[in-house]
Amino acid sequence: MPPRKILATNLTTKLFVLDTNVLMHDPTSLFRFEEHDIYLPIFVLEELDNNKKGMTEVARNARQASRFLDSLISESTHNIDAGVPLQTPSNKSATGRLFLQTRFINNELPANMAIGKADNAILGVVMFLHNQKPKRSVILVSKDINMRIKARALGLDAQDYFNDKVLEDTDLLYTGVLALPQDFWDKHGKDMKSGPQGEHTFYNIQGPLCRDMLLNQFVYQENGSNPFYAVVTEQNGNTAMLRTLTDYTHTKNAIWGITARNREQSFVLNLLMNPEIDFVTLLGQAGTGKTLLTLAAGLVQMLEHKLYSEIIMTRVTVPVGEDIGFLPGTEEEKMSPWMGALDDNLDVLNKPSDESGEWGRAATRDLIRSRIKIKSLNFMRGRTFLNKYLIIDEAQNLTPKQMKTLITRAGPGTKVVCMGNIAQIDTPYLTEGSSGLTYVVDRFKGWQHSGHVTLQRGERSRLADHAGEVL
């Protein structure tokens, strides 16, 4: 009796064998391989079953992957051996087929590799398919580095799962700032229109560089004593409108006693103080002033301009070292050890005054502190924030899904500020390319009610700046 045909042959497309960790990382990975086919070994289903219990992100993803598979197989009228079409369930984004292991496969691996271990069993399936289809490209997709190394050592093709990455190279990530070339006005100043716009001046320009500009992107040209700083307020093909900025480096424009110390900090304050901007993302290494500027702008707009009723601050509680265990107290008290940055910056903002004395300073600190709420991410789902100034600190440790959950909490009149440093990711399964912060910076660029600035220069101290460079 001849053996059953396992796969329909199509030499022009690839056959990707998915490891369990890919499905547990991104359940929608089933629909992200376009015209190529997907193969799932039986051990992958076993591991999904073993990891489905609990309330962790991994357990939720394992359950979702199982639901996708159940829906695909139960709704398909095709024979599983011939592959389940993915075109309809994926809204035509995937045109390949899903194959499941439907027969026992003898272990083709070297005798000294442990039999019964799931990784080795999956590698055995990959080797079997590789031998069965020598003219077809069979590739193992795994998030496990050692699994990929073992596969390559056995002469098999293996690669990481790349669809979760927003960018391959984070050096290409949008910075929110564009340096204008020296000949900019020669090429773009023809037929230029300019005039006052409130306290600022607008310039209506046209030229080739306008195509590269995005809404709310900052542009600058530093010509000695007369630098030019502006923001893009309109962009359409070869034309754009630039509007000059408020100079927050000048003491007359100080925000809660804080003045910008460099160009990017002034750009940041222009975003934070603009009521038309609902969503701000700030990237930068330690000491660039992200938290200080955000808090100063929030306090002014809450206490003086009355734009927001309170400031809400949250962050991911990922420890850098060993976990110190459970913390006592209420939600606010449990979060307070994670909010040392808030207290440090409030000390800077609440400078002592000769007039008020120590009592006045203590009263001011208590007033400010009472209007700043510290919340845990765990209790955010289902909430709606009205007229709040929401600060998400250390946002580089959030996944894109968590970031979506947080940002969609914003109701009318709420401003959301996300800040972090993608070079300091503490979450084990996130990289610079797949971080939620990278994700929102890339997806929100060019929206008329959002803005982004990457801060380059540290202002904390000469020691911190030097440590950031050499360590």
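Here is a guided walk through this structure, from the overall make-up to a sheet, its cavity, a pocket and the N-terminal part.

The model is predicted, so a word on the ground rules: local features need pLDDT of at least 70, side-chain atom pairs count only at pLDDT 80 or more, and totals for chains, interfaces and linings use all residues. Residues are numbered from 1 along each chain as its sequence is written, and side-chain values use heavy atoms, with hydrogens and water left out.

Let us start with the whole protein. Its secondary structure comes to 14 helices and 18 strands; helices (H or I, at least four residues) and strands (E, at least two) are DSSP runs, numbered from the N terminus. Of the 471 residues in the protein, 46% are buried, where buried means under 20% relative accessible area, exposed over 50%, and partly exposed in between (1.4 Å probe, protein chains only). Among contacts with a separation of 6 or more, 67% involve residues 24 or more positions apart; contact means heavy atoms within 4.5 Å.

Now turn to an open sheet of 6 strands. Its order is 15-14-16-17-13-18, with parallel pairing; two strands pair if DSSP finds at least two bridges between them. Strand 15 (372-374) and strand 18 stand at the edges with a single partner strand each, so one side of each is left without a neighbour in the sheet. On average, and with direction ignored, neighbouring strands of this sheet are turned by 15 degrees against each other. Axes here are lines fitted to C-alpha atoms, for helices over the stretch in contact, and angles run from 0 to 180 degrees between N-to-C directions. Within the sheet, strand 16 (residues 388-393) and strand 17 (residues 415-420) run parallel and are joined by 4 bridges. If you look for Ile392, you will see it opposite Cys418 in strand 17.

Helices cover this sheet. Helix 8 (residues 290-304) lies across strand 13 (279-284), strand 14 (310-315), strand 15, strand 16, strand 17 and strand 18, and runs at about 170 degrees to strand 16. Helix 13 (residues 436-444) also packs on the sheet, where it touches strand 13, strand 17 and strand 18, and its direction makes about 125 degrees with that of strand 13. Helix 12 (residues 400-407) has Met403, Thr405, Leu406 and Ile407 buried. The cover over those buried residues of helix 12 includes strand 13, strand 16, strand 17 and helix 13.

Follow the sheet to its strand 18 edge and you reach Ser450, which is found in strand 18 (residues 450-455). Ser450 counts as buried because its relative accessibility is 5%. Beyond its neighbours within four places in sequence, Ser450 is in contact with Asn216, Ile277, Phe279 and Phe444.

Ser450 also belongs to the lining of the largest cavity, together with residues including Tyr174, Leu215, Phe279, Thr281, Val440, Phe444 and His452. On a 1 Å grid over the protein atoms alone, a cavity is a set of points where a 1.4 Å probe fits but cannot get out, a pocket is an open set with protein on both sides within 12 Å along at least five of seven lines, and lining residues have an atom within 4 Å of a point. The count comes to 1 cavity of 30 Å³ or more, and the volume of the largest cavity is about 60 Å³. Strand 13, helix 13 and strand 18 each supply at least two residues of its lining.

The second largest pocket has a volume of about 770 Å³. It is lined by 26 residues, and the closest to its centre are Gly287, Gly289, Thr291, Asn345 and Arg460. Helix 8, met above across the sheet, and helix 10 (340-349) are the elements that give two or more residues to this lining.

Finally, visit the N-terminal part. Met24 lies in helix 1 (residues 20-25) and is buried, with a relative accessible area of 15%. Not counting residues up to four places away in sequence, Met24 touches Leu48, Asn51, Val58, Asn61 and Ala62. The C-alpha atoms of Met24 and Leu48 are separated by 7.6 Å, although these residues are 24 apart along the chain. Further on, strand 2 (residues 37-40) runs parallel to strand 4 (residues 97-100), joined by 3 bridges, and Ile38 has Leu98 as its bridge partner in strand 4. Strand 3 (residues 84-85) instead pairs with strand 4 in the antiparallel sense over 2 bridges, with Pro85 opposite Arg97.

Key: Points joined across faces, edges and corners; volume = space filled by probe spheres on them.
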